[in-house]
Amino acid sequence: MAAKPADKASDILTLSRPQVATLSGEPWRVAMKSAIRDPLELCRRLELPSQYATQAQLAAEKFPLFAPLEFIRRMRPGDPHDPLLRQVLPLAEECGDVSGFSEDPVGDGAAQLAPGLLRKYQSRALLLTTGACAVHCRYCFRREYPYDGLPQGETDWQPALAALAADASIDEVLLSGGDPLTMVDHRLAELAERLAAIPHLRRLRVHTRLPIVIPQRVTEELLAWLTATRLAPVVVVHANHPAELDAAVLAALARLVDAGVPVLNQAVLLRGVNDNAEVLEQLCRRLVDHRVMPYYLHQLDRVRGAAHFEVPIERGLAIIAALRERLPGYAVPRYVQEIAGDASKRILA
């Protein structure tokens, strides 16, 4: 996910300082323009006590609030512990330094091959296409990533594309950010074409939270370029709680699946959000009932400002054990942790 607000859905290959969209037309772009950025407004809409507004203003100075109305409407008014609200509401706990938590917990800086191109694992590489996102998750491991250093246009992406072309061991490219689906579809189609022109690439994976927080983003144009490329497409979405999967979201996910695009879900184990077996069982059942495969349950990446979300690994292991008792094997996500410098994600269970 992301550390910069998407004031405008990018129509270039990257966007490090987005501007407010003035276009009316595409509903998802209108939704991004209408997102709540003011902590006082968020607290007013959700009828929260005044102390939460004060905390939120202070914490948002370090990491701005950005929450689309489509996501906010799924929250319970008057409940500061609502699991969706907890993911986006700035809190005072973010402002202190906690030992072991840093600005780059997964080693992104050390993994850079070229501006915007990261290589951590064999056979695949990751393009940070944009710093923009449609929601600011308070636990985001890239909340302090230096997005201003990303390429600013098509020409600037040439070093990254050249590095991909020069390494025949890479057969899969991941589009990440930020969120790549904050970019407009014709630019994403152009990028997909440029990647497909590299002979040894076989798969294109898109990591996105847009279909969850703004389901209108799954457009015919999106489906067209995803299914037109010779690269095998995979979409990985990010939902942490079953309340995120309302009818509109499930319909958007169904459009992807019906188009022949495999859809996987990754979640983060978060204190006060989904740190019990009942909630995660509901999430996994709802996903598989709608043809989305639970992929990963991530142990929290120890980014500065997110310590209050951390769940002990022992608790996570107990939750996974309970899920294995209740669910078929294909419905249980792998419980993983990313350790900077490791050759793969560490499988915890």
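**View 1. Pro-180, a buried loop residue in a predicted model.** Pro-180 has a relative accessibility of 0%, so it counts as buried (under 20% relative accessible area; exposed is over 50% and partly exposed lies in between, with a 1.4 Å probe and protein chains only). Pro-180 sits in the loop that joins strand E6 (172–176) to helix H7 (185–196); helices (H or I, at least four residues) and strands (E, at least two) are DSSP runs, numbered from the N terminus. Setting aside neighbours within four places in sequence, its contacts (heavy atoms within 4.5 Å) are Thr-129, Thr-130, Leu-175, Leu-188, Val-206 and His-207. Leu-210 is 30 residues from Pro-180 in sequence, with 8.9 Å between their C-alpha atoms.

**View 2. Helix H10 and its cover.** The end C-alpha atoms of H10 (residues 247–258) are 16 Å apart, which agrees with the 16 Å expected for twelve residues at 1.5 Å a residue (1.5 Å times one less than the number of residues). Buried here are Val-249, Leu-250, Ala-252, Leu-253, Ala-254, Leu-256 and Val-257. Their cover includes helices H8 (210–213), H9 (220–228) and H11 (277–289), along with strands E8 (232–238) and E9 (263–268). After H10 comes Gly-260, with a positive phi near 90°.

**View 3. Confidence along the chain.** The average pLDDT (the predictor's confidence in each residue, from 0 to 100) is 93, and 93% of the residues score at least 70. Over residues 5–23 the pLDDT is below 50, yet this stretch has 69 contacts in the model beyond near neighbours in sequence. Where pLDDT is low, please do not read the predicted coordinates in detail.

**Notes.** Residues are numbered from 1 along each chain as its sequence is written, and side-chain values use heavy atoms, leaving out hydrogens and water. In this predicted model, local features need pLDDT of at least 70 and side-chain atom pairs count only at pLDDT 80 or more, while totals for chains, interfaces and linings use all residues.
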